[in-house]
Amino acid sequence: MNQIITSAPEQTGPRLSRRGFLTTASASAGAFTLGFSTLAPQPAAAQAQVQALPPEVNAWVVIQPDESVIIRISRTEMGQGSLTGLAQLIAEELECDWAKVRFELVNPALNRSRQNVWRDLSTGGSRAIRGSHEYVRQGGATARAMLVQAAANSWGVTPAQCTVEKGVITHAASGRSTTYGAMAAAAAKITPPTQIALKDPKTWTIAGQPLKRLDTSDKLNGSLVYSPDFTMPGMLIAVPKSCPVHGGKLKSFDAAAIANRRGIKHVIRVDDATVAVIADTFWRAKTALDALPIVWEEGPNAKVSNESIAASLREGLSAEKAYVGNKVGDAKGALDKAAQDKSVRVIEADYGYPYQNHAPMEILSATVRWTSSRCEMWGPTQVADAALDEMAKAAGLPATACEIHTMRIGGSFGRRLYTDYVRIATLIARQVPNTPVKMLWTREEDMAQGQYHPVTQCRLRASLDSSGNVQALHMRLSGQSIFAYHAPSRVTPEGGDPIVYQGLVGSGAEMAIGYSFPHLLVDHAMRNPHVRPGAWRGVNLNQNAVYMECFIDELAHAAGIDPLVFRRKLMSKHPKHLAVVEAAAKGIGWDTPPPKGRHRGIAQIMGFGSYVAAAAEVSVTDGQLKIHRIVAATDPGHVVNPQQVETQITGSFVFSLSAMLFGECTVKDGRIEQQNFDTYNVMRMDDMPKVEVIVMPSGGFWGGVGEPTIAVAAPAVLNAVFAATGKRVRQLPLKNTKL
């Protein structure tokens with residue numbers, strides 16, 4: 001088994017043919033098209049099928065005799081649209097007919113067997129396009145050059161004498177033409193050029209255009225099968241449960257108590273913390289697991305509460321020891337001096353940001369089939385290579401004997417950057433050899449065993465002179481380090497986690513601060529409760545934007561200066577930051593009065609290589625907040641699909657505002673209290689404001705889209721709430737504050 005072939009692109013106009021639909025449906029149901037060989041031995045019939053298929057031009061492009069162009073996608077698609085964007089970049093350089101483009105997903109073991117020809121298979125940090133744009137474009141350009149060379153060879157002319165348009169190669173001097181489909185076999189035999197020129201983005205006709213997504217049709221016609229609905233002949237269902245207190249152990253369970261229930265096949269210990277029930281259906285496995293007597297050894301973490309975690313973080317706000325992330329001048333000295341000067345005002349505020357769950361609609365699941373010589377998984381992951389290694393380790397087999405058949409994801413937001421569910425699914429299947437076992441987490445287990453947005457607090461102190469100028473700012477962060485849990489080798493020898501300071505670092509192409517102060521100190525007191533943190537969409541940029549942008553607003557009001565004017569003074573040396581702020585302000589009509597009863601707020605930050613800003617317009621009536629409008633402005637350098645950028649920004653605002661309004665995971669007796677959506681609320685349609693998007697790519701760099709914009713919605717709204725009520729909301733979520 002090999003590649004999942006998806007449906008035809010939605011934007012081609014005509015409906016899917018019966019043959020195309022049947023091909024798609026069979027692939028989605030588990031019948032995989034054999035596009036190229038794998039390490040696993042194949043039956044003679046399958047090998048004959050591989051040999052009968054047209055050869056690839058190169059690793060990125062396969063062209064069929066009917067002129068269909070199959071583009072291979074190595075990054076994960078989880079709703080963000082990068083699949084279409086990557087295909088646009090390749091198709092642009094290939095100069096093919098976009099209406100004939102299809103796609104395949106790349107599997108990790110196959111990639112390794114071909115010396116990682118498809119490069120990085122991971123997807124996170126808004127890097128799907130910005131992290132691979134150059135080499136995927138080279139893949140398309142190289143394939144084009146090989147196809148043109150093949151045609152030129154057949155005509156006895158030079159490639160320079162030939163032109164290409166929509167997959168048709170023409171030699172104008174002789175009036176001859178041919179197609180990519182006719183030349184594909186010959187092109188595959190040509191040595192790829194070592195030097196290839198890429199197009200100037202100003203000349204793009206496929207990339208840069210608001211084309212509809214390639215991955216829509218099979219969602220609409222129901223043929224796409226997500227991991228929880230995947231089926232195979234003879235498959236069993238496993239439902240696991242781990243100790244609800246992170247770090248706790250599984251002491252014992254009474255399998256005999258449920259052994260005679262209908263459909264139950266096995267009750268097993270998975271690892272030191274996990275038990276699983278395996279049955280012929282999900283419901284039978286789940287209800288049996290609910291009835292299973294389990295004894296947990298919860299350990300000392302069972303005494304941890306929301307209050308004890310908050311107390312630890314508050315202690316960090318004034319701790320002597322902290323790791324410095326950004327320093328200019330002597331902020332502490334300047335603030336100490338300011339405290340003694342009656343002509344200088346010192347402003348101080350404490351903020352806090354809670355645990356938050358990824359809570360994707362698609363629960364964690366994976367189907368694994370283990371034998372003594374091979375292990376395969378069908379399921380989604382954001383980190384296919386890491387998942388393959390995790391699976392191989394759990395399977396007790398070399399990675400060369402394993403494969404992951406990657407599937408598209410129904411939402412992830414960073415949760416599937418972690419491979420805990422892959423390990424558990426593999427350990428379960430290993431105890432039921434030669435049988436495909438689909439592991440499904442319940443919603444409650446998904447919520448209880450998360451990798452949560454880290455809990456943090458922040459203390460900000462600043463001094464203002466008599467003219468309202470900021471002399472010094474000290475920003476003390478206190479809270480969790482994601483690296484300390486998941487990548488301890490990346491914690492610096494001094495004990496610092498570099499990603500804590502996203503959006504606050506002094507310079508660089510990723511997360512640079514947009515303000516200049518005579519004296520600045522940003523430091524972090526690491527405090528790591530037992531509840532696991534993880535990369536939640538936007539990561540540390542989220543709370544840092546709230547802390548900085550709301551406090552800047554506090555300083556502006558303390559100085560009696562309009563918040564936009566105040567920012568302009570601090571941003572004179574940061575033109576790209578300032579440009580998006582000005583665009584958002586203009587879009588909201590900052591310099592004109594809002595409608596009666598409405599009030600405005602603004603925020604900006606740089607993250608994941610992009611400059612982003614938002615301006616919000618809200619009203620508060622009888623204590624009820626209504627967010628009417630948000631104008632977003634972003635400069636990501638280059639834009640591959642403007643329509644998709646707009647969609648991503650709008651979606652990121654739904655995610656961000658849900659977190660701001662409702663998102664909070666609390667800890668009691670060492671465990672997360674919120675177990676489902678009845679206690680972990682999200683925005684409804686009538687909560688959603690009108691979103692207006694300004695995309696203003698300035699060129700020269702490649703920034704992300706899906707994560708940076710999430711950070712600015714909340715502080716813009718919170719600043720507007722202050723303008724409406726005179727009340728500062730410094731502890732999220734907003735549901736805990738009476739307006």
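Biologist: Which strands does helix α11 lie across, and at about what angle does it run to β17?

Modeller: Happy to help, and do keep in mind that this is a predicted model. Helix α11 covers residues 384-395 and lies across β15, β16 and β17. Its direction relative to β17 is about 135°.

Biologist: Thanks! In what order do the 7 strands of the open sheet come, and which are the edge strands?

Modeller: The pairing in this sheet is mixed, and the order is β10-β11-β8-β18-β15-β16-β17. An edge strand here pairs on one side only, which singles out β10 (264-271) and β17 (402-406).

Biologist: In what sense do β15 and β18 pair, parallel or antiparallel, and which residue in β18 stands opposite V368?

Modeller: Strands β15 (residues 365-370) and β18 (residues 436-440) share 5 bridges, in the antiparallel sense. Opposite V368 stands V437.

Biologist: Is Q543 buried or exposed, and which side chain makes a polar contact with its side chain?

Modeller: Q543 belongs to helix α15, residues 541-559. Its relative accessibility is 2%, and buried means under 20%, so Q543 counts as buried. Leaving aside residues up to four places away in sequence, Q543 touches Y353, H453 and T456. The polar contact of its side chain, at 3.2 Å, is with the side chain of H453.

Biologist: Why is C243 too far from the closest cysteine sulfur for a bond, and how many disulfides are there?

Modeller: The closest cysteine sulfur to that of C243 is in C665, 17 Å away, whereas a disulfide needs sulfur atoms within 2.5 Å, so the two are too far apart for a bond. C243 is also buried, with a relative accessible area of 3%. The disulfide count comes to 0.

Key. Residues are numbered from 1 along each chain as its sequence is written. This is a predicted model: local features need pLDDT of at least 70, side-chain atom pairs count only at pLDDT 80 or more; totals for chains, interfaces and linings use all residues. Side-chain values use heavy atoms; hydrogens and water are left out. Helices (H or I, at least four residues) and strands (E, at least two) are DSSP runs, numbered from the N terminus. Buried means under 20% relative accessible area, exposed over 50%, partly exposed in between (1.4 Å probe, protein chains only). A polar contact is a pair of N or O atoms within 3.5 Å; within protein, one must be able to donate a hydrogen and the other to accept it, and residues adjacent in sequence count only if both atoms are side-chain atoms. Contact means heavy atoms within 4.5 Å. Two strands pair if DSSP finds at least two bridges between them. Axes are lines fitted to C-alpha atoms, for helices over the stretch in contact, and angles run from 0 to 180 degrees between N-to-C directions.
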